[in-house]
Amino acid sequence: MDKKQIAIVGAGISGLLACKYCLSKGFNPIVFESESDIGGVWAKTIKTTRLQSAKPLYQFSDFPWPSSVSDVFPTQQQTLDYLRSYATHFDLIPHIKFHSRVNGISFNGPIASDPWSLWNGIREPFLPEGKWNVTIHDTGNDSIQVYTVDFVILCLGRFKDVPNIPEFAAGKGPKVFQGHAIHSMDYAAMDHDKAADFVRGKRVVVVGFGKTGLDIARECSSINGPEHPCTLVYRRDHWKLPDWSPWGIPLTHLYLNRFSELLVHKPGEGFLLSLVATLLSPLRWGVSKLVESHIKKKLPLAKYNMVPQESFSKEARSSLIIYLPDSDDFFNAIEKGSIKLKKTPRFSFYDNGIVIEKDNTHIEADIVIFATGFKGVEKLKDIFESPTFRHFIVDSPRVPLYRECIHPRIPQLAVIGFSDSLSNIYTSEMRSKWVAALLEGAFKPPSVDEMQKDIEGWDEYMKESAGEYHYRSSIAALEIWYNDQLCKDMGMNPLRKNGLLANLFEPHGPIDYA
């Protein structure tokens, strides 16, 4: 019997994991990667970029970091080398087609225009008459080829390819600006020397206060100093971690063990767990304040009006926490005038820079860099040629995926790596195991109604926990609860540690789900 062919779109972390676990189950995966190398977002980054999660959390369960990497937060090059070593060790490279951009995917088979009661109509991963056509643009020789496959796994990632640029009123956008206005994606795509030359001696404005915006501002300030200060323009403050051990307590003991999740209301919880979370809510508040007090002591947030309005716990649940290595350097740059901060809800362009609308401040600039994120949902939607499937993706407060992996009404397709977490590697690894187990028939998904009810439960949780950021589908505060559900589906014991106290209080990481 011929092996089922699985098309995997993207050779980032999720794509590599999906390929590895499909191979382990006897399938024939083919990975389409638009670039010339693996790594996804790690292939092209800013020079100073480092891991945001500590190394023990950001590793494959069966392939530890080499002993030569001693940094707890490895550099971009170290991380990319680690991913390449993983792909080489498990012989994944022969299954990857580089320079292969997916123009679109179309399904040949029954579509759930009339509501299915079961996923795929039959609760099985493969319909006898169902196939996907994957249209590939080979950018190496500028040719088009169509592949027909049995199943598609989309590992597109939400932080790549389709830049999010703020909208401006007519005559007030980048077109009136006489300098350069680019997205951080374009800056990261430059080699490091070219990027340094691009900003050297220039007045740079960076829009956005996330990790990328901070990295670019620090690079500009180190190159130009106070003679040509870099201005950071942003809407609101977010909590920044100077280290991962507030008051000497590892953050994983506060937010990544089962006891910490008892403090949080969870989708699908019963009466007893709900009661426990309610009774322990003062402790949840206290843990958040403990971490906040540590950050305020270590960083001069009040001095620069940078204290966030939301609690640390809420921002953790939204995956908005930023680790700020060498935080002293950042605040020294502010003190010396190499970095200037400007907080404002809105700004516009004029010919020689930008205008802060609330006080009509004019900031002269040669370069404006938008570190304003990406349109991940639009990117995911546009890969489908079917208007029906496009509607299924966007017709919800967030992308509605059961177990954050499959859409109840899109057949023979899975999505891996689209939602946020504290440790994307082992979350994507668990999802890859789950999808591979689904493909081999180790379990069957519930009915469409049951899946949609489960999705709605997670929707409500994310709206409550993350507010306006619920669209990110972050499971950051409930990674163990979420992984437990995947384990139960696959018939695995979710209690992976020895003893009650260890399962309750020890941090959970990749090796616990090996």
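A patch here is made of residues with over 30% relative accessible area and no salt bridge, with nonpolar side chains joined within 5 Å. In this predicted model, such a nonpolar patch sits on the surface and consists of Phe271, Leu272, Leu275 and Leu279. Together these four residues offer about 480 Å² of accessible area. Leu279 belongs to helix 8, which covers residues 271-279. Exposed means over 50% relative accessible area, so Leu279, at 61%, counts as exposed.

Let's turn from the surface to the interior. The structure holds 3 cavities of 30 Å³ or more, and the largest of them has a volume of about 130 Å³. Its lining is made of 13 residues, and those closest to the centre are Tyr255, Ser260, Val264, Arg284 and Ser313. Four helices each supply at least two residues of this lining:

| Helix | Residue range |
|---|---|
| Helix 6 | residues 251-255 |
| Helix 7 | residues 258-262 |
| Helix 9 | residues 281-298 |
| Helix 10 | residues 312-317 |

Which helix gives the largest share of the lining? That is helix 10, with 3 residues.

Helix 14 is worth a visit too. Is this helix mostly covered or mostly open? Mostly covered: 15 of its 16 residues are buried. Its length can be checked as well. Helix 14 runs over residues 424-439, and at 1.5 Å a residue its 16 residues should span 22 Å. The end C-alpha atoms are 22 Å apart, so the model agrees with that expectation. Just after helix 14, Gly441 takes a positive phi of about 85 degrees.

Key
Residues are numbered from 1 along each chain as its sequence is written. This is a predicted model: local features need pLDDT of at least 70, side-chain atom pairs count only at pLDDT 80 or more; totals for chains, interfaces and linings use all residues. Side-chain values use heavy atoms; hydrogens and water are left out. Patches are made of residues with over 30% relative accessible area and no salt bridge: like charges are joined within 9 Å, nonpolar side chains (Val, Leu, Ile, Met, Phe, Trp, Tyr) within 5 Å. Accessible areas come from the Shrake-Rupley method with a 1.4 Å probe; for residues, only the protein chains shown count as cover. A salt bridge is a side-chain nitrogen of Lys or Arg within 4 Å of a carboxyl oxygen of Asp or Glu. Buried means under 20% relative accessible area, exposed over 50%, partly exposed in between (1.4 Å probe, protein chains only). The expected span of a helix is 1.5 Å times one less than its number of residues. On a 1 Å grid over the protein atoms alone, a cavity is a set of points where a 1.4 Å probe fits but cannot get out, and a pocket is an open set with protein on both sides within 12 Å along at least five of seven lines; lining residues have an atom within 4 Å of a point. Grid points are joined across faces, edges and corners, and a volume is the space filled by probe spheres set on the points.
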